[in-house]
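Please open the model in your viewer and keep the sequence panel beside it. The tour below goes from the whole chain to single residues, with a suggestion at each stop for what to select next.

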Amino acid sequence: MARIKHIAIRTHDVEKTASFYREAFGLTQVGEGQSGVYLTDGYLNIAVLKLRPGLEGEPLKLGVDHVGFQVDDVEATVANIQRLGGKALTRGAESHERSAAEAQSYFEVKCLGPDEQVIDVSSAGWIGTR
């Protein structure tokens, strides 16, 4: 089976967006690319890339749909996101592990980060993850 290794986020301001993810979630910068930086939690990388519309093969829009983070303390993480200029979009929702056959939500709070990227924050995790 293939494994998900990274999520790329397009932004106008690479340093501002990378700094947000480093400070809000404790990610480590592990590399630099031609148009951005690479952050990791040790399992999955986030490539924070400069939006360069008009260059051949480059995307024409910012962001991804959303990124989900599993954290130990949802309230503290959401407070940190808000301190860094982000905001919570929803109140805490109940999220706990159920069987894969049951309908469920995998986030507790949906937030906005730089460039209005949507971030799911949960303490329960997501189906299929460890």
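## The whole chain

Begin with the surface display: the accessible surface of the protein comes to about 8,300 Å², and 49% of that area belongs to carbon and sulfur atoms. Keep in mind that this is a predicted model, with a mean pLDDT of 79 for the protein and 73% of its residues reaching 70 or more. If you colour by confidence and compare the elements, you will find the lowest mean, 80, in E5 and the highest, 95, in H1.

Now switch to a cartoon view, in which two helices and eight strands can be picked out, and follow them along the sequence in the pattern β-α-β-β-β-β-α-β-β-β. Of the 130 residues of the protein, 38% count as buried. Among contacts between residues at least 6 apart in sequence, 53% join residues that are at least 24 apart.

## The sheet with E1 to E4

Select strands E1, E4, E3 and E2, which in that order form an open sheet with mixed pairing. At its edges you will see E1 (6–11) and E2 (28–33), each of which pairs on one side only, and neighbouring strands of this sheet are turned against each other by 25° on average, direction ignored.

Next, zoom in on E3 (residues 36–40) and E4 (residues 45–50), which pair in the antiparallel sense over five bridges. For one example of such a bridge, select Thr40 and look for its partner in E4, which is Asn45.

## The sheet with E5 to E8

Move on to the other four strands, which form an open sheet in the order E5-E8-E7-E6, again with mixed pairing. Because E5 and E6 (87–88) stand at the edges with a single partner strand each, one side of each is left without a neighbour in the sheet.

Select E5 together with E8, and you will see two strands that run parallel and are joined by five bridges; here Phe69 stands opposite Val121 in E8. Then add the helices to the view: H1 lies across E5 and E8, running at about 10° to E8, while H2 packs on the sheet, where it touches E6, E7 and E8 and makes about 15° with the direction of E7.

## The nonpolar core

Which residues touch the most other members of the largest nonpolar core? In this core of 22 residues, they are Tyr21, Phe25, Ile46, Phe69, Ile119 and Val121, so select these six with their side chains shown. The elements that give two or more residues to the core are H1 (14–25), E3, E4, E5 (66–70), H2 (74–83), E7 and E8, and H1 gives the most, with six residues.

Now centre the view on Ile119 and show its surroundings, leaving aside residues up to four places away in sequence: the residues that Ile119 touches include Phe20, Tyr21 and Phe25, and also Val67, Phe69 and Val109.

## A loop to finish

For the last stop, select the loop between E7 (109–112) and E8 (118–122), where Asp115 lies, and where Glu116 also has its place. Asp115 has a phi near 55°, a positive value in a residue other than glycine, and Glu116 likewise has a positive phi, near 60°. Is each of them buried, partly exposed or exposed? Asp115 counts as partly exposed, at 32% relative accessibility, whereas Glu116 is exposed, with a relative accessible area of 61%.

Definitions and conventions. Residues are numbered from 1 along each chain as its sequence is written. Side-chain values use heavy atoms; hydrogens and water are left out. Two strands pair if DSSP finds at least two bridges between them. Axes are lines fitted to C-alpha atoms, for helices over the stretch in contact, and angles run from 0 to 180 degrees between N-to-C directions. Buried means under 20% relative accessible area, exposed over 50%, partly exposed in between (1.4 Å probe, protein chains only). A nonpolar core is a set of buried Ala, Val, Leu, Ile, Met, Phe, Trp, Tyr and Cys residues joined through side-chain atoms within 4.5 Å. Contact means heavy atoms within 4.5 Å. Accessible areas come from the Shrake-Rupley method with a 1.4 Å probe; for residues, only the protein chains shown count as cover. pLDDT is the predictor's confidence in each residue, from 0 to 100.
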